[in-house]
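Please look first at the place where the ligand is held, and then step back to the protein chain as a whole. The paragraphs below follow that order.

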Amino acid sequence: MNKKNIFEQIIKGKIKSDIVYQDKIVTAFKDIKPKAPIHILIIPNVLIVSANQINEKNKDILTHVFITAIKIAKKIGIHEKGYRLVLNCNRNGGQEVPYLHLHLLGGKYLGSIL
Ligand code: 5GP
């Protein structure tokens with residue numbers, strides 16, 4: 001199964017994952033190979049392949065993805081110390097899974113990447 005389909009199956013609950021939040025628009029689940037103590041992926045329930053597919057028509061979905069990430073950060077209590085939101089796009093941006101996903105990383109000092 002390709003990775004895009006894996007994310008689709010996770011949304012439907014057909015592949016086991018640690019889902020931390022789900023509503024009609026987004027699903028959030030723990031990354032299988034966490035790069036920080038907190039590493040959660042937030043994805044839209046409808047396929048958007050990458051940031052390049054974001055447009056005027058679907059922009060509210062992306063807003064909801066970001067708001068959900070921030071709500072999760074507050075709920076688990078990493079908001080005051082801080083966290084990182086990452087949205088990789090295509091090969092040069094380090095995107096491995098062709099299904100738009102926002103990384104929520106935290107739980108330790110992450111340093112600067114720029
Ligand atoms: P990208 O490099 O595309 O921005 O990030 C893809 C992320 O998806 C990686 O951090 C990777 O560990 C995660 N991932 C890939 N396959 C699975 C899976 O089957 N389950 C979960 N929970 N995470 C996955």
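In this predicted model, a natural place to begin is Asn-88, where an N or O atom of the side chain is 2.8 Å from an oxygen atom of the ligand. Asp-31 also reaches the ligand through its side chain, with an N or O atom 2.5 Å from a ligand oxygen, and Lys-35 places a polar side-chain atom 2.9 Å from an oxygen atom of the ligand. On its own the ligand has 520 Å² of accessible area, and the protein covers 89% of that area.

The surroundings of the ligand can now be described more fully. The ligand sits in the largest pocket, and 18 residues surround it, the closest being Asp-31, Asn-88, Glu-96, His-101 and His-103. When the residues of this shell are sorted by character, seven are nonpolar, six are polar and five are charged.

Which elements supply at least two residues each to the shell around the ligand? They are helix H1, spanning 3-12, together with strand S2 at 26-30 and strand S3 at 38-44. Of the contributions to the shell, that of H1 is the greatest, at three residues.

Stepping back to the whole protein chain, one finds a secondary structure of two helices and five strands, and these elements follow one another from the N terminus in the order α-β-β-β-α-β-β. The radius of gyration of the protein chain is 14 Å, close to the 13 Å that the globule rule gives for 114 residues, and the chain is therefore as compact as a globular protein of that length. Taken along the principal axes, the C-alpha atoms of the protein chain fill a box of roughly 35 × 30 × 25 Å.

Key:
Residues are numbered from 1 along each chain as its sequence is written. This is a predicted model: local features need pLDDT of at least 70, side-chain atom pairs count only at pLDDT 80 or more; totals for chains, interfaces and linings use all residues. Side-chain values use heavy atoms; hydrogens and water are left out. A residue is near a molecule or strand if one of its heavy atoms lies within 4 Å of it. A polar contact is a pair of N or O atoms within 3.5 Å; within protein, one must be able to donate a hydrogen and the other to accept it, and residues adjacent in sequence count only if both atoms are side-chain atoms. Accessible areas come from the Shrake-Rupley method with a 1.4 Å probe; for residues, only the protein chains shown count as cover. On a 1 Å grid over the protein atoms alone, a cavity is a set of points where a 1.4 Å probe fits but cannot get out, and a pocket is an open set with protein on both sides within 12 Å along at least five of seven lines; lining residues have an atom within 4 Å of a point. A molecule sits in a cavity or pocket if more than half of its atoms lie within 2 Å of its grid points. Helices (H or I, at least four residues) and strands (E, at least two) are DSSP runs, numbered from the N terminus. Ala, Val, Leu, Ile, Met, Phe, Trp, Tyr, Cys and Pro count as nonpolar, Asp, Glu, Lys and Arg as charged, and the others, Gly among them, as polar. The radius of gyration is taken over C-alpha atoms; the globule rule is 2.2 Å times the number of residues to the power 0.38.
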